[in-house]
Amino acid sequence: MSEFFDLHDDPSLRRVLFLGAVLLIFVPLLQAGSQLYPLQLGNIQWRFQAANTLSAVLLLPFLGLALLLMMSRALESRSMARAVAIVASLFAVGLAGSFVAFILDALQLKTIVSTAMESQFKASAARVAMVTALFVVAYLVVALAGFSTPRTSSRGASRSEAPRRSREPAPEEPDDESPGLIVGR
């Protein structure tokens, strides 16, 4: 990495990026949750609207997880990458389950939608289905990237014991057999 973006030497930048990533993940979900309260899981129209609302906020949590994954790679933190991968896997599994439930609800709702609202219903259902399917794949990609984080070069040594890579090339040591500079001949 470049010297501009060195997270090892800048703890304040690490804290800001971590806080930003956490906010990207949780704030949109809390906002969507406040719109969906009170829960009405038995109401098919509410479930359709809930899927529509939640599909609109999937990008920001994805970006938050991607930022955390980038930080874990920059810091060479395999445990952080694994945690991101687990959370991304949970998102992917949850979205896959909600995708199946949404398709079943949409097929059932299609029979009771009025003809005046049918085109809006189809457009909304297609958008939610497409966005949800794309984000299932996106979260799976983040999960796979997190699980495939390589081991650090220090082979399990702690960060304080791990040798730092120097950004400057090491000076060449003179060869004992080379003549060197001879002055006064």
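Let's start with Glu118, which counts as partly exposed, at 31% relative accessibility. Its side chain meets that of Lys122 in a salt bridge, with 3.3 Å from N to O. Lys122 is partly exposed as well, with a relative accessible area of 45%. Why are these two about one helical turn apart? Because Glu118 and Lys122 sit four residues apart in helix α5. Please keep in mind, as we go, that this is a predicted model.

How many salt bridges are there in total? The count comes to two. The other one joins the side chains of Arg47 and Asp105, at 2.9 Å from N to O. This pair links distant parts of the chain: Arg47 belongs to helix α2, residues 44–55, while Asp105 belongs to helix α4, and 58 residues separate them. Now, is Asp105 buried or exposed? Asp105 is buried, because its relative accessible area is 10% and the cut-off for buried is under 20%. Its partner Arg47 counts as partly exposed, at 27% relative accessibility.

Let's step back to the whole chain. You can find five helices and zero strands here, so if you read along the sequence, the pattern is α-α-α-α-α. Of the 185 residues in the chain, 32% are buried. Take the contacts with a separation of 6 or more: 77% of them come from residues 24 or more positions apart. On the outside, the chain exposes about 12,700 Å², and carbon and sulfur atoms supply 65% of that.

Next, the inside. Here is a general idea to hold on to: in soluble globular proteins, nonpolar side chains tend to be buried together. In our model, the largest nonpolar core has 27 residues. Which of them touch the most other members? They are Leu65, Leu68, Phe135, Tyr139 and Val142. Four helices each supply at least two residues of this core: α1 (11–36), α3 (59–74), α4 (78–110) and α5 (118–147). There is also a second, separate core of ten residues, and its members include Ile44, Phe48, Ala106 and Phe121.

If you'd like one residue to click on, try Leu65. Leaving aside neighbours within four places in sequence, Leu65 is in contact with Ile25, Val84, Val87, Ala88, Phe91, Tyr139 and Val142. Two of those names, Tyr139 and Val142, were also on the list of core residues that touch the most other members.

Let me finish with helix α4, where we already met Asp105. How far apart are the end C-alpha atoms of α4? They are 47 Å apart, which agrees with the 48 Å that 33 residues should span at 1.5 Å a residue. Among the buried residues of α4 are Met80, Val84, Ala88, Phe91, Leu95, Phe102, Asp105 and Leu109. Which helices do the buried residues of α4 pack against? They pack against α1, α2, α3 and α5.

Helix α4 also holds Ile103, which is partly exposed, with a relative accessible area of 33%. Together with Val100, Leu104 and Leu107, Ile103 forms a nonpolar patch on the surface, and the four share about 370 Å² of accessible area. When you turn the model yourself, compare two residues of α4: Asp105, which is buried, and Ile103, which is partly exposed.

Terms used: Residues numbered from 1 in each chain as written. Predicted model: local features only at pLDDT ≥ 70, side-chain atom pairs only at ≥ 80, totals over all residues. Heavy atoms only, no water. Core = buried A, V, L, I, M, F, W, Y, C linked by side-chain atoms within 4.5 Å. Buried < 20%, exposed > 50% of the residue type's maximum accessible area, 1.4 Å probe, protein only. Contact = heavy atoms within 4.5 Å. Areas by Shrake-Rupley, 256 points an atom, 1.4 Å probe, with all protein chains shown as cover. Patch = residues over 30% accessible without salt bridge, like charges linked within 9 Å, V, L, I, M, F, W, Y side chains within 5 Å. Expected span 1.5 Å × (residues − 1).
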